[in-house]
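Biologist: Could you walk me through how to read a few features of a model like this? I would like the general idea and then the case at hand.

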Amino acid sequence: LRGFANENQMLRQIDLQTGTYRNVSIGDASVIKDFYTVELEDGTRSDEWEKRFAEVENRVAPRVRRAVRDEVWTPSAVERQDLSTWIALQFLRGPDHRRMAAQTAGFMMRMQVGMGGLAYLRYAMEQGLEREVSLEEVEGAWADIHRPGGPEIKLTGTDFMSTITFSLAQVIEFISARSWHRARFQRRTLAINDSPVALIPDENHPPFLGVGLNNAAAITIALDRHTLLWMADPAMADFDFPPTVQLARAHNRSTIFGADRFVYTHPKDADP
């Protein structure tokens, strides 16, 4: 975020829910208290994952600075792996993916309960609650699980970290295998959001299927407000892209549409 802030370490925060703008410090931007806190077997709470994320970010910070600074940038195999890990974590760790994981868990519960029927649901509830459950309670739970949009599952920090661990290696591979292209802008500026890895849709892909890592035309991340990393077709060679208006617009558009709630720019930049 320092690459988007002014000399006072301030950013402009655009709230897409309310349409309001305000300046915030990089320390306060997109902070959710205890978002990665997990509960250990003895009942104590741990911020170990926060420390692990910080270790990755500290290791990658010099790689990002070099990608921004160097006139000729050719990352080594180790640098590429470190950057791929960092980008994969940025992709997986945000509130959008926590919500998606909760929705997936709800869908799986709905399928499992639907296949097992009321008898299975009653058994599962009694096992979980460690008491007898009335038929009325079971029917109420059944109705909640099968209501439109239901059931609503709230993942614990431990559950969320498990989904990240499960997916991380594959996401790293998807990112590392693509061709990497840096674009360095002079006049155009870039935005970043609270889920900072943007997916550029493929114009030839049916829009109703959505866009993901597999079918995206490109994966992008802004390294600062003037430097864009564009990851495209794996068959292409790595080389710097010219800093065209189309590239900046494509990234900024996907940054806005892919935001969970907030978009960030330099306080003096125009709207993305």
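Modeller: Happily; we will go through the sheet, one strand residue, a helix and two backbone angles.

Modeller: This is a predicted model, in which local features need pLDDT of at least 70, side-chain atom pairs count only at pLDDT 80 or more, and totals for chains, interfaces and linings use all residues. Residues are numbered from 1 along each chain as its sequence is written, and side-chain values use heavy atoms, with hydrogens and water left out.

Biologist: What is the order of the strands in the open sheet?

Modeller: Strands of a sheet pair through backbone hydrogen bonds, either parallel or antiparallel. Strands here are DSSP runs (E, at least two residues), as helices are (H or I, at least four), numbered from the N terminus. Two strands pair if DSSP finds at least two bridges between them. In this model, four strands form an open sheet in the order β2-β1-β10-β6, with antiparallel pairing. Its edge strands, β2 (21-25) and β6 (192-193), each pair on one side only. Five bridges join β1 and β2 in the antiparallel sense, and I14 stands opposite Y21 in β2.

Biologist: Is L11 buried or exposed?

Modeller: Buried means under 20% relative accessible area, exposed over 50%, and partly exposed in between (1.4 Å probe, protein chains only). L11, in strand β1 (residues 10-15), counts as buried because its relative accessibility is 0%. For contacts, the test is heavy atoms within 4.5 Å. Not counting residues up to four places away in sequence, L11 touches several residues, including F4, V24, I26 and Y264. The C-alpha atoms of L11 and H266 are 5.3 Å apart, although 255 residues separate them along the chain.

Biologist: Where is the kink in α1?

Modeller: The expected span of a helix is 1.5 Å times one less than its number of residues. Helix α1 (residues 48-69) has 22 residues and reaches 32 Å from first C-alpha to last, close to the 32 Å expected. A bend is the angle between axes fitted to the seven residues ending at a residue and the seven starting there. In α1, a kink of about 35 degrees lies at V60, shortly before the proline P62. V60 is buried, as are W49 and F53, among others in α1.

Biologist: Which residue in the segment before β1 should I look at for its phi?

Modeller: Look at Q9, in that segment, which has a positive phi of about 60 degrees although it is not a glycine. Q9 is partly exposed, at 32%. E130, also not a glycine, has a positive phi near 60 degrees. E130 sits in the loop between α3 (95-129) and α4 (135-145) and counts as exposed, at 72% relative accessibility.
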